[in-house]
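Thanks for coming. I will go through one structure today, starting with its salt bridges and ending at its surface.

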Amino acid sequence: METHTAVALLVGYRRGQSVVYLVVAATVAALAFAVAAAVWAGVGVFGFERFREVGPRLVLGICALAAGLAGLHGYANDGVLVGTAIALAPLAGVLVWGAIATELTLPSPGAGQAGLDRLALLGAAAGVVLTALGIGVGRLVSSDPERNVNREPPAGEG
């Protein structure tokens, strides 16, 4: 029983649901990547200075989405590792874009991207905290006897 609980706490109570959340995390990372690339292209290539203001707001919104999904996953399915992966998804997308952009010979890859990585890191920290809170609350209020930490052990187990 302890092994099942430990694995459920790390990966998730329901494996299928964890896989769905990992696909969502990959989608969120791709979205952050696309936003960072669009900001770079908008400011550095096309000269749209408005993107300097809009880009950080979009990344912050993506981070809020990821943090909320990480907390929701923690509440509904446990899974510290999966929740952390969801929380880190926007940061991964921004960092992958940064790694690609440094190899481009177009205008400054940092154009319009100042602070996107810091916002994504802040969102990741919030997502990890929400994951932990979600797991704690979810385990305390769950009516599922396999997950609920308040349940009475079956006769002969304790």
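**Salt bridges, core and surface**

In this predicted model, the side chains of R139 and D78 form a salt bridge, with an N to O distance of 2.9 Å. That pair ties together distant parts of the chain: R139 sits in helix α5, D78 sits in the loop between α3 and α4, and 61 residues separate them. As for exposure, both R139 and D78 are buried.

How many salt bridges does the structure hold? The count is 2. The other pair to look at is E53 with R50, where the closest N and O atoms are 2.9 Å apart. Are its two residues buried or exposed? E53 has a relative accessibility of 44%, so it counts as partly exposed. R50 has a relative accessible area of 52%, and because the cut-off for exposed is over 50%, R50 falls in the exposed class.

Now the overall layout. The chain contains 5 helices and 0 strands, so the pattern along the sequence reads α-α-α-α-α. There are 158 residues in the chain, and 38% of them count as buried. If you take the contacts with a separation of 6 or more, 79% of them are between residues 24 or more positions apart.

Next, the interior. Which residues have the most contacts inside the largest nonpolar core? They are V28, V59, I86 and W97, in a core of 27 residues. Four helices each supply at least two residues of this core: α2, α3, which covers 51–77, α4, and α5, which covers 116–141. Helix α2 gives the most, with 10 residues.

Take V28 from that list and set aside its neighbours within four places in sequence. V28 is then in contact with I62, L65, A66, L69, A89 and P90. If you have the model open, V28 is a reasonable place to centre the view while you go through those partners.

Another valine to pick out is V39, which lies in helix α2, residues 15–45. Is V39 buried or exposed? Its relative accessibility is 3%, and since buried means under 20%, V39 counts as buried. In sequence, V39 and V54 are 15 residues apart, and from C-alpha to C-alpha they are 8.2 Å apart in space.

That leaves the outside. The accessible surface of the chain comes to about 8,300 Å², and carbon and sulfur atoms account for 72% of it. Which residues make the nonpolar surface patch of about 420 Å²? V7, L9, L10, V11, V80 and L81 do. Two helices each supply at least two residues of this patch: α1, residues 2–10, and α4, residues 80–101. The largest share, 3 residues, comes from α1.

One of the patch residues is V7, which is found in helix α1. Why can V7 belong to a surface patch? Patch residues need over 30% relative accessible area, and V7 has 32%, so this partly exposed residue passes that cut-off.

To recap, the two salt bridges include the buried pair R139 and D78. The largest nonpolar core has 27 residues, with α2 as the main contributor at 10. On the surface, the nonpolar patch takes its largest share from α1. That is what I had; I will take questions now.

Terms used:
Residues numbered from 1 in each chain as written. Predicted model: local features only at pLDDT ≥ 70, side-chain atom pairs only at ≥ 80, totals over all residues. Heavy atoms only, no water. Buried < 20%, exposed > 50% of the residue type's maximum accessible area, 1.4 Å probe, protein only. Contact = heavy atoms within 4.5 Å. Areas by Shrake-Rupley, 256 points an atom, 1.4 Å probe, with all protein chains shown as cover. Patch = residues over 30% accessible without salt bridge, like charges linked within 9 Å, V, L, I, M, F, W, Y side chains within 5 Å. Salt bridge = Lys/Arg side-chain N within 4 Å of Asp/Glu carboxyl O. Core = buried A, V, L, I, M, F, W, Y, C linked by side-chain atoms within 4.5 Å.
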